[in-house]
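Let's look at how a few labels in this structure are earned. Each answer sets a value beside its cut-off and draws the conclusion.

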Amino acid sequence: MQFIDRTTIKVTAGNGGNGKSAFRREKFVAKGGPSGGDGGRGADIVFVVDNNMNTLLDFRYHRKFQGKNGENGDIKNQYGHNAPPCIIKVPQGTLVKDADTGEILADLTEIGQEAVIAKGGRGGRGNAKFANSANRAPTFAELGEPGESRNLILELKLLADVGLVGYPSVGKSSLVAAVSAARPEIAEYHFTTITPVLGVVSVGDIDDERTFVMADIPGLIDGASEGVGLGHDFLRHVERTKVIVHIVDASGVEGRDPVEDYYKINKELKIYSEKIARRPQILAANKMDLPGAQENFERLKELAEKEGIEIFPISAATRQGTKELIQRVAQVLDEYVEEPDVEEGVKVYDAKEEDPDKVTITRNDAGDFIVSSKSLDKLVAMTNFGNDEAIRRFQYIWRIKGIDKKLIERGIKEGNTVRIGEMEFEYRD
């Protein structure tokens, strides 16, 4: 199966149903009052974590999702039905971002976790809702509110406790195969592993067994932090790991220097994320069963002492030292304390933080006045401008919100064009 860990999609929640303008027309009921019902709410776009998914492959050819509209209101105060939510299933570890702003909308890490990413529009109110002592027979009803629409970036970051990093062909896949039931492809050529491989590792006796997930992150190369090769695609999967096992080829059979490789990989990790670079790290000197490995191991021990990290001599091929390595990794996981996230600008979307009544007025290159307000945009979308009563209600709300005063303060003149939402009109004092 092809592994897809990043994709872009567009989601559009359903529009609210239109309210109904109607009056009672019953025998023996003179001058029947307004009886138009409200429209139903449009479908929300809801993301749900599904345990049966482990890739974003399903989104490669299905990139647009549209929620159903709410039903329109009807006569005799009949309400339209709300539309059922549009459920989009994603794998565990999916990060949902707004493609236009870069804002993180949801971080979906738990099985069954749900997140409303785009809200369906509210149903328009029928004319029965607008009857009062001053206007007993309103003829207008609201249109349904448009549903939210978003362009999204979905990123899958593997949920692994331990991440294996190192240059291609140092033996990461061999270690995963040696300590878990995973069976990754293993060969002598570079980039045998082109997608992350997860293995579940068991430690301890049957009565006191514990497990953790180990991820074989495909081989990094120089410039990976800048996106060289598949750098960003690979590094993304290290972000959620708690412990990093850094594997080097102690034999140096391909002419590589394991000490130099260690510093190069850590440089790429630090450039990509300072937080990742601070994670607990254990150095594994692999291929100790090959000639020349012992000589390089002495140099690696000096490096480990200098950097203040632990080093384990292992051979994934013969399983020499792998048990001791895994036991120590389990101990470090037990002692791990999550570092608080203090990065500015990284927060999960919360609709409650938005102020719907905030009004901003700007001007475009043509000199038009652009009025931006979430509540006013909604009002424009839900007003039937073909009805005189509806227009008068719009003008009343416009005045009580003080928009005229704000436009005058910005220097508007008679005849200037004002734009709000999809509507454009000429300003008259």
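Q: How many aromatic pairs does the structure hold?
A: This is a predicted model, and it holds 6 aromatic pairs.

Q: What makes Tyr262 and Tyr263 an aromatic pair, and why is the pair called edge-to-face?
A: The ring centres of Tyr262 and Tyr263 are 5.3 Å apart, and the cut-off for a pair is within 6.5 Å, so the two rings qualify. The angle between their planes is 80°. Planes over 60 degrees apart count as edge-to-face, and therefore this pair carries that name.

Q: Why is Tyr262 given the label it has, buried or exposed?
A: Tyr262 has a relative accessible area of 5%. Buried means under 20%, so Tyr262 is buried.

Q: And what is the label for its partner in the pair, Tyr263?
A: Tyr263 has 34% relative accessibility. Partly exposed covers the range between under 20% and over 50%, so Tyr263 counts as partly exposed.

Q: Which residues form one aromatic cluster?
A: Phe385, Phe394, Trp398 and Phe425 form it together.

Q: How do you know whether Val48 is buried or exposed?
A: The relative accessible area of Val48 is 15%. That is under 20%, so Val48 is buried.

Q: Where does Val48 lie, and what does it touch?
A: Val48 belongs to strand β2, which spans residues 45-49. Leaving aside residues up to four places away in sequence, Val48 touches Ile87, Ile88, Lys89, Val90, Gly112, Gln113 and Glu114. Gly112 is 64 residues from Val48 in sequence, and their C-alpha atoms are 6.0 Å apart in space.

Q: Why does Glu389 have no salt bridge with Arg392?
A: Arg392 is the nearest side chain of opposite charge to Glu389, at 4.9 Å. A salt bridge needs the nitrogen within 4 Å of a carboxyl oxygen, so Glu389 has none, although Glu389 is buried.

Q: Which helix holds Glu389, and what does Glu389 touch?
A: Glu389 is found in helix α8, residues 388-400. Not counting residues up to four places away in sequence, Glu389 touches Asn135, Ala137, Pro138, Thr139 and Phe140.

Q: What does the protein chain look like overall, in helices, strands and buried residues?
A: The protein chain has 9 helices and 18 strands, and buried residues make up 47% of its 429 residues. Of the contacts between residues at least 6 apart in sequence, 71% join residues at least 24 apart.

Terms used
Residues are numbered from 1 along each chain as its sequence is written. This is a predicted model: local features need pLDDT of at least 70, side-chain atom pairs count only at pLDDT 80 or more; totals for chains, interfaces and linings use all residues. Side-chain values use heavy atoms; hydrogens and water are left out. Helices (H or I, at least four residues) and strands (E, at least two) are DSSP runs, numbered from the N terminus. Buried means under 20% relative accessible area, exposed over 50%, partly exposed in between (1.4 Å probe, protein chains only). Contact means heavy atoms within 4.5 Å. Rings of Phe, Tyr and Trp (its six-membered ring) pair if their centres lie within 6.5 Å; planes under 30 degrees apart count as stacked, over 60 as edge-to-face and the rest as tilted. Lys and Arg count as positive and Asp and Glu as negative; His and the chain ends are not counted.
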